[in-house]
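The following exercises are intended for a reader meeting this structure for the first time. Please attempt each task before reading the worked solution.

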Amino acid sequence: MTSVVDQGNGIDPDEQHLIFDELYRGKDHRQMVQGTGMGLSIARTIVEAHGGSLSVISERGCGSVFSFTLPIDPQFIPS
Ligand SMILES: Nc1ncnc2c1ncn2[C@@H]1O[C@H](COP(=O)(O)OP(=O)(O)O)[C@@H](O)[C@H]1O
Ligand SMILES: [Mg+2]
């Protein structure tokens, strides 16, 4: 698993499942910060196309941890 950690504003619990939707932009960010709402949707689509998963754990006022997994092809595991 690979993770990226920040110490930003965090994400509301009721928004955490929405931020991966196409065009969805958080209520704290849509007026203040430029963006398209596509970044996380594209990232999840790419990771899932390779058989992995992408998720977030976040706490308001503390920060966020975005993590993804990717399967390893058994032929590349050293014996
Ligand atoms: N590291 C982060 N910390 C807090 N909120 C985030 C973070 N990354 C994404 N978000 C929230 O998820 C929403 C969707 O993110 P994203 O798909 O990257 O689109 P965009 O950045 O263009 O708004 C953002 O608008 C923001 O509300
Ligand atoms: Mg973004």
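**Exercise 1.** Where is Gly51 found, and does this residue count as buried or exposed?

*Solution.* Begin with the position along the chain of this predicted model. Gly51 belongs to the loop between H1 and strand S2 (53–59). Next, consider its accessibility. The relative accessibility of Gly51 is 54%, and the cut-off for exposed is over 50%. Gly51 therefore counts as exposed. Finally, relate this residue to another part of the chain. Gln16 is 35 residues apart from Gly51 in sequence, and the two C-alpha atoms are 22 Å apart in space.

**Exercise 2.** Describe the secondary structure and the overall dimensions of the chain.

*Solution.* Start with the elements. The chain has 1 helix and 3 strands, and from the N terminus on their order is β-α-β-β. Then turn to the dimensions. Along the principal axes, the C-alpha atoms fill a box of roughly 50 × 25 × 20 Å. The radius of gyration of the chain is 15 Å, whereas a compact globule of 79 residues would have one near 12 Å. As a last step, consider burial: 24% of the 79 residues count as buried.

**Exercise 3.** How many aromatic pairs are there, and which parts of the chain does the pair link?

*Solution.* A pair of aromatic rings is described by the distance of the centres and the angle of the planes. Ring centres must lie within 6.5 Å for a pair, and planes over 60 degrees apart count as edge-to-face. By this rule there is 1 aromatic pair. The ring centres of Phe20 and Phe66 are 6.5 Å apart and the planes stand at 70°, so this pair is edge-to-face. The pair connects distant parts of the chain: Phe20 lies in the loop between strand S1 (2–6) and helix H1 (39–49), while Phe66 lies in strand S3 (residues 63–69), 46 residues apart. To complete the description of Phe20, note its surroundings. Phe20 has a relative accessibility of 8% and so counts as buried. Arg44 lies over the face of Phe20, 3.8 Å from the ring centre.

**Exercise 4.** Compare Glu15 and Leu23: where does each residue lie, and is each buried or exposed?

*Solution.* First, locate the residues. Glu15 is in the loop between S1 and H1, and Leu23 lies in the loop between S1 and H1. Second, apply the accessibility cut-offs. Glu15 is buried because its relative accessible area is 8%, whereas Leu23, at 60% relative accessibility, counts as exposed. Third, examine the details of each residue. The side chain of Glu15 forms a polar contact of 2.4 Å with the side chain of Tyr24, and the Glu15 side chain also reaches the backbone nitrogen of Lys27 at 3.0 Å. For Leu23, phi is near 75°, a positive value in a residue other than glycine.

**Exercise 5.** Which residues are closest to ligand 1, and how much of the ligand does the protein bury?

*Solution.* Identify the surroundings first. Ligand 1 is surrounded by 16 residues, of which the closest are Asp6, Arg25, His29, Thr36 and Gly37. Then inspect the backbone. A polar backbone atom of Thr36 is 2.8 Å from an oxygen atom of ligand 1. For Gly39, a polar backbone atom is 3.2 Å from an oxygen atom of the ligand. In Leu40, a backbone N or O atom lies 2.8 Å from an oxygen atom of ligand 1. Conclude with the area: ligand 1 taken alone exposes 530 Å², and the protein buries 79% of that.

How values were computed
Residues are numbered from 1 along each chain as its sequence is written. Chains are lettered from A and ligands numbered from 1 in the order in which they are written. This is a predicted model: local features need pLDDT of at least 70, side-chain atom pairs count only at pLDDT 80 or more; totals for chains, interfaces and linings use all residues. Side-chain values use heavy atoms; hydrogens and water are left out. Rings of Phe, Tyr and Trp (its six-membered ring) pair if their centres lie within 6.5 Å; planes under 30 degrees apart count as stacked, over 60 as edge-to-face and the rest as tilted. Helices (H or I, at least four residues) and strands (E, at least two) are DSSP runs, numbered from the N terminus. Buried means under 20% relative accessible area, exposed over 50%, partly exposed in between (1.4 Å probe, protein chains only). A charge sits over a ring if NZ of Lys or CZ of Arg is within 6 Å of the ring centre and within 35 degrees of the ring normal. A residue is near a molecule or strand if one of its heavy atoms lies within 4 Å of it. A polar contact is a pair of N or O atoms within 3.5 Å; within protein, one must be able to donate a hydrogen and the other to accept it, and residues adjacent in sequence count only if both atoms are side-chain atoms. Accessible areas come from the Shrake-Rupley method with a 1.4 Å probe; for residues, only the protein chains shown count as cover. The radius of gyration is taken over C-alpha atoms; the globule rule is 2.2 Å times the number of residues to the power 0.38.
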